[in-house]
Amino acid sequence: KNRTSTMIDILTTRFHDAYSYLVSEDVNRQNDNNNDIMKEKTSINRFNSEHIKYTKSETTLKDADQLSNGYGDIKDDESSILPMEGLICRDCSKSTNSESQINIFDRARKPVDILKVTQHAPSTNKYDWGSYFPHVAQNLRVKKYKYKPIFESVLNHKRIQHEIERVAKDAVRESDVSFEMEDIYYEKMLDKSKKRAHKLLCDMRHALSDGLLRLTSYVLYKLLPWFLSGVVAHPAQIEMLKVAQKKLPNTPLVFLPLHRSHLDYILVTFILLNNDIRSPLVCAGENLNIPVFGFLLRGLGAFYIRRKIDGDDGKKDYIYRGLLQTYMEESISAGHNIEFFIEGGRTRTGKPGLPKGGILSVIVDAFVDGLIDDALLVPVSVNYEKLVDGSFVREQLGIPKKKESFRKAIASIWKVLNAKYGLMRIDFNEPFSLRELVKSFKERKASVPRPVPSVRRLISKPSMTSVYGEMEFTDKHRALVDNIGRHVVYDSCTAMSIMSTNALSFLLLNKYRKGASLKELVSSLDEIREQFEGKRDFGFDEPSENVIMTAVELLGTDMIDRNVDVNGNIFIAPVLSIPNVVETFYYSQTFAPHIALDAAVLTGIAAELKENNCSSLTMNDIIDSTLLYCDVLRNEFIFHKPCQNINDQIQLTVERLCKLGSLTKLKGSDEYELNIKLSETLLSSMAALNITYWTTTECLLDIFEKGHILESDFIKLCINRITEKYNDGTITYGEAISTDSIRNCLKLLQKWSVVEVDVQSGKRIILLTSLYNSISSIETVVEKIERNVIFK
Ligand SMILES: O=P(O)(O)OC[C@H](O)CO
């Protein structure tokens, strides 16, 4: 079995090396000019096993041809198949139609750097001009699609006409014009509403152009290698999309990427275009509609939507709502694929945000109301070794985000072109049928009796408070939309590759805050790789020493201290000062969801043991304490799939933690003991969040004193308190400073009816509810949160 997988390794490496050599000499030439330490990292071997070296002369033309015509064609027996994340949930897609769309042998293939592959330009055919100009040939030969315009059909849609009339009638009703003047006034308002609808649609519409797509793709082939070592994708996943599309040719693909960077949508479109898959219309925030770039993005398929659907006065904007809903429906009916970011904006914390219901609800409604037959939802996982967009540290420190502008965009591009960002990894997960998912949720709802209080499940509503979230057009399928959204985010998160920088920052912040030798880090990373082997994918397959050194280079001296002693031993430590540690935390938090339930179980146990001053707990106690803790972090993590029972998941986690040695089941008893030494890293991974929540609840006393407070002032207050605690040594986790987690804690306090938010002229004011309008009642909330603070 081992020999087989080594053979696959060797063959894949050879094919890749051969192809990389033949196709991307120009890329290598560029890299040769950059005489710095990253040169080695941008070389063609960056993604492949560096411990298996082969010279270019060993490769054959046949190898290269195979790769160029289909990313290589590695076949072997089933025993060599690696488990693969990103497949659909079989519990939610039971029908025979949804048999795995991925060929079992395809799973044995390795991911490839798509910047070094030109599907339509076989580099070895000397009679084909394309082999001399692969990127030109590739761009001329990719499949041409017709992108049907939808402007007129949206504007003339009966829903829009109805909304225009409704707004005009409302205006007459609210006005004080005399009875005789009403008709004239109505006509005037109707005309005004029509013009407004036209203007809104002009601001929204895409201008997807095949020519611009090809031109941009050519530029990207040349430009991306300047700052990325590679864009890594799995060929089998792309095949899977093609198979899905072939099976259901008239069903739209709805791409749902996790959002980390502005590069996300550009790269999704780039990959789809170069693999002959119809480019999607991309739902983008109107903040990106800036001069020149806004126009270019429209040409690549962007259509712009507002960050806030209604005005500041809270009045429903019926025309805008109608336009957006119709725009989405008409796009799908016209055969367009769609892409939107289910979390709303880019994650600020590093871990995926909770799903927003807005756009997803339009698609679900369209299906349930029979406007579309089906849609294939494709969760997409995206990760970067180093974020190209800079960092979100300023925002985490409470400084409002600067608006996008032409000047800012040019400055960022210039900066990006002059630095190195390592690898980008993109995983297209198995498409699943919306029809089947809805059917399965409905069946489950019908077959499962309504939950009684003793059946513990974490039930939550989709976020309705921020970007895109407000756009809940209708409440009729709210639970369904929420379940689908949570499933998609959970799956994308599980399938997201762990990058070198995620692994290193996680280890440094949670195991080696005081630093460690390279040797220690290598052995810890080896351990993680062993534990996750076959369960999670890694964005690297080099020896751990290379991985760590790459991550050290990419994170840079702002985040990592590196020292070499007289004997040449390398010592690596995190920079723990604020704000540097806040940025390192971003990379570490990308790893956190992979261990979230493990860490939650251990924190729940540690909190319970501390509170009751005891040394062991029964399984029931563990379940109760974990549920209590998971409820606190309900806005931070999705701990389980909506189709899973949390109790079962906690029990499975306990079993796993026993195997790892973090827990011990006492002999002859049903009690479990915590091995604190072996649990330190996992407990530490929750420490910063616990401190943020604890300090935020402490600050409720300030609201009690003041009566009410602006949300923005409250966030500043919490950040100042955490900073004071850090400066006077009360806490050591400076990364607890996080605007996003303070906001999440406020949402929790709202859910617990501790605070309420009053919106006045667009300003959010926080007040204590009548239930918590005393010092003693606030203290009970503080205690409930403080019990989880195990490490400070
Ligand atoms: O992450 P944001 O909030 O800056 O915005 C993201 C883009 O608007 C999404 O298209």
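**Exercise 1. The ligand and its shell**

Determine which residues are closest to the ligand in this predicted model, and what kinds of residue make up the shell around the ligand.

*Solution.* Begin with the shell itself: twelve residues surround the ligand, and the closest are Asn 287, Arg 307, Arg 346, Arg 348 and Lys 401. Next, sort the shell by character, which gives three nonpolar, four polar and five charged residues. Then turn to individual atom pairs, taking 3.5 Å as the limit for a polar contact between N or O atoms. An N or O atom in the side chain of Lys 401 lies 2.5 Å from an oxygen atom of the ligand, the side chain of Arg 307 places such an atom 3.0 Å from a ligand oxygen, and Gly 285 contributes a backbone N or O atom at 3.3 Å from an oxygen atom of the ligand. Finally, consider how much of the ligand is covered: of the 310 Å² of accessible area that the ligand has on its own, the protein covers 97%.

**Exercise 2. Strand β3 and its partners**

Decide whether the faces of strand β3 (residues 253-257) are covered or uncovered, and identify what pairs with this strand.

*Solution.* Take the two faces in turn, with under 20% relative accessible area as the criterion for buried. On one side stand Leu 253, Phe 255 and Pro 257, on the other Val 254 and Leu 256, and all of these are buried. Five of the five residues of β3 are therefore buried, so the strand is largely enclosed by the rest of the structure. For the pairing, β3 runs parallel to strand β7 (residues 376-384), with five bridges between them, and Pro 257 has Val 380 of β7 as its bridge partner. A parallel pairing over two bridges also joins β3 to strand β6 (residues 337-339), where Ile 338 stands opposite Val 254.

**Exercise 3. An open sheet**

Work out the strand order of the sheet that contains β10, β11 and β12, and explain why β10 and β11 each have one side without a neighbour.

*Solution.* The three strands form an open sheet in the order β10-β12-β11, with antiparallel pairing. From this order, β10 (516-517) and β11 (560-564) stand at the edges, and because each has a single partner strand, one side of each is left without a neighbour in the sheet. The β11 pairing can be followed in detail: five bridges join β11 to strand β12 (residues 570-574), and Arg 562 stands opposite Ile 572 of β12.

**Exercise 4. An aromatic pair**

Classify the pair formed by Phe 392 and Tyr 586, and establish which parts of the chain the pair ties together.

*Solution.* The whole structure holds twelve aromatic pairs. In the pair of Phe 392 and Tyr 586, the ring centres are 6.1 Å apart and the planes make an angle of 40°, which is a tilted arrangement. Phe 392 lies in the loop between β7 and α15 (393-396), whereas Tyr 586 belongs to helix α22 (residues 580-591), so the pair ties together parts that are 194 residues apart in sequence. Both rings belong to buried residues, Phe 392 with a relative accessibility of 7% and Tyr 586 with 8%. Ring pairs also bring in Tyr 587, which forms a cluster with Phe 392 and Tyr 586.

**Exercise 5. Strand β15**

Assign the residues of strand β15 (residues 671-674) to a covered and an uncovered face, and describe the hairpin with β14.

*Solution.* Tyr 672 and Leu 674 make up the covered face, while Glu 671 and Glu 673 make up the uncovered one. Strand β14 (residues 663-665) pairs with β15 in the antiparallel sense over three bridges, with Thr 664 opposite Glu 673. The two strands form a hairpin with five residues between them, and in the turn Gly 668 has a positive phi of about 65°.

Terms used. Residues numbered from 1 in each chain as written. Predicted model: local features only at pLDDT ≥ 70, side-chain atom pairs only at ≥ 80, totals over all residues. Heavy atoms only, no water. Near = heavy atom within 4 Å. Polar contact = N/O pair within 3.5 Å; in protein donor to acceptor, adjacent residues only side chain to side chain. Areas by Shrake-Rupley, 256 points an atom, 1.4 Å probe, with all protein chains shown as cover. Nonpolar A, V, L, I, M, F, W, Y, C, P; charged D, E, K, R; others polar. Buried < 20%, exposed > 50% of the residue type's maximum accessible area, 1.4 Å probe, protein only. Helix = DSSP H or I, 4+ residues; strand = E, 2+ residues; numbered from the N terminus. Pairing = 2+ DSSP bridges. Phe/Tyr/Trp six-rings, centres within 6.5 Å; stacked < 30°, edge-to-face > 60°.
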